[in-house]
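User: Could you take a close look at one part of this model for me, the place where two helices pack together, and then show me what surrounds it?

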Amino acid sequence: MATSYPIKAALGRTAFITGGSQGIGRAIALRLARDGYDISIADIPPAQARVDEVVKEIQSWGRNAISVTADVREPKQIYAAIDETVEKLGPNLFVSVANAGVTQVKPLLECTPEFMENEVRLNLLGLMNTHIAAARQMVKQKSGGRILGAGSIASYRTAENLGPYGATKFAVRGFTEASAKEWAQYGIRVNAYGPGIVDTPMWDHIDRELAAIEGISVGAAKDIRVRRDIKLGRIQQPEDVAKLVAFLVSDEGEYITGQTIKTCGGASL
Ligand SMILES: NC(=O)c1ccc[n+]([C@@H]2O[C@H](COP(=O)([O-])OP(=O)(O)OC[C@H]3O[C@@H](n4cnc5c(N)ncnc54)[C@H](O)[C@@H]3O)[C@@H](O)[C@H]2O)c1
């Protein structure tokens, strides 16, 4: 899907995005950059080459963009990434997107403690620590802000073989509500986006794992679900998710907080 949105004037505000090297995080970074935000992308070292490409593309539009290294399973790295963002782009953090996540596919009876711990540390603790680190900076700045997190249609309905993933995404919905309540007094809105089946490397991975469990060919697990579940008749593109995020951080989304909003082409119906 082409990014045909105009490159708007600089807002003098920064958006911090975790897991922005590919997929949904990349689309959000590119969209918010076009909408006027300076961008800081936090990702893990193996993703550095892809992050560099995204940063380069944004800079080619005359916009500030930097990359910072952070494994969101390590709270200290998240705080250091926010500090580095503010140091390099200024004390203008207005948007934080806790997007980084992982999906592990396994029947519950085969899930080991280590397997589940990894998913919780990344999808849930990573998001909670990112939200709190960003909110502390926003409170210090006294200028409010918009905090977004990666929910899912699995925040409302779990699926077989994706049990721990669904549990983390349910919890994201709970933390979104709790933090929205506490931080409204600081002018901070907290919401989560809830995509359905998005055409990203994550779903290619889910497809391969489900194909093995269900004894079907690679590609079939995704195709079956896209045709059966998505009422709008096409797989979701990362840019579809970025549209919701762009709306929520804009003035148009000013009165929305504490919500996990599904954007899934009807896949949750
Ligand atoms: N793809 C979908 O269909 C879908 C649906 C609902 C929700 N989501 C959620 O949206 C988010 C993004 O999904 P995606 O499909 O773009 O995923 P993806 O796997 O394509 O990309 C994930 C990004 O996170 C980064 N990352 C991985 N581990 C990290 C870590 N420990 N610390 C920091 N960064 C890390 C990766 O390098 C990559 O840039 C996830 O939280 C996911 O659960 C995705």
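**Two helices side by side**

Analyst: Happy to. Keep in mind that this is a predicted model. On the H4 side, the residues that meet H5 are Met-116, Glu-119, Val-120, Asn-123, Leu-124, Leu-127, Met-128, His-131 and Ala-135. Their partners in H5 are Pro-164, Tyr-165, Thr-168, Lys-169, Ala-171, Val-172, Phe-175, Ser-179 and Trp-183. Sorted by class, this contact has 12 nonpolar, 4 polar and 2 charged residues.

Now for the geometry. H4 covers residues 113-141 and H5 covers residues 163-183. The two helices pack at an angle of about 15°, and their axes are 9 Å apart. Angles under 35 degrees count as roughly parallel, so H4 and H5 are roughly parallel to each other. Their crossing is right-handed.

H4 has other company as well. This helix lies across E1, E4, E5 (145-150) and E6, and runs at about 175° to E4. That brings us to the sheet. Seven strands make up an open sheet with parallel pairing, and the order is E3-E2-E1-E4-E5-E6-E7. At the edges are E3 (65-69) and E7 (260-263), each of which pairs on one side only. From one strand to the next, the twist averages 20°.

If you would like to zoom in on one pairing, try E2 and E3. E2 spans residues 38-43, and 5 bridges join this strand to E3, the two running parallel. Within that pair, Ser-40 stands opposite Ile-66 in E3. Helix H1 (residues 23-34) also packs on the sheet, where it touches E1 (14-18), E2, E3, E4 (93-98) and E6 (188-195). The direction of H1 makes about 170° with that of E1.

One more residue is worth a visit: Ile-78, which sits in helix H3 (residues 75-89). Around Ile-78 there are 28 other C-beta atoms within 10 Å. A residue counts as buried if 20 or more lie within that distance, so Ile-78 is buried. Beyond its neighbours within four places in sequence, Ile-78 is in contact with Ala-70, Val-72, Asn-129, Thr-130 and Ala-133. For a longer view across the model, pick Thr-200: Ile-78 and Thr-200 are 122 residues apart in sequence, and 24 Å separates them in space, C-alpha to C-alpha.

Note on methods
Residues are numbered from 1 along each chain as its sequence is written. This is a predicted model: local features need pLDDT of at least 70, side-chain atom pairs count only at pLDDT 80 or more; totals for chains, interfaces and linings use all residues. Axes are lines fitted to C-alpha atoms, for helices over the stretch in contact, and angles run from 0 to 180 degrees between N-to-C directions. Helices (H or I, at least four residues) and strands (E, at least two) are DSSP runs, numbered from the N terminus. Angles under 35 degrees count as roughly parallel, over 145 as roughly antiparallel, 65 to 115 as roughly perpendicular and the rest as oblique. A crossing is left-handed if the near helix is turned anticlockwise from the far one by less than a right angle, and right-handed if clockwise. Two residues are in contact if their C-beta atoms, placed from the backbone, lie within 7 Å. Ala, Val, Leu, Ile, Met, Phe, Trp, Tyr, Cys and Pro count as nonpolar, Asp, Glu, Lys and Arg as charged, and the others, Gly among them, as polar. A residue is buried if 20 or more other C-beta atoms lie within 10 Å of its own, exposed if 12 or fewer, and partly exposed in between; C-beta atoms are placed from the backbone. Two strands pair if DSSP finds at least two bridges between them.
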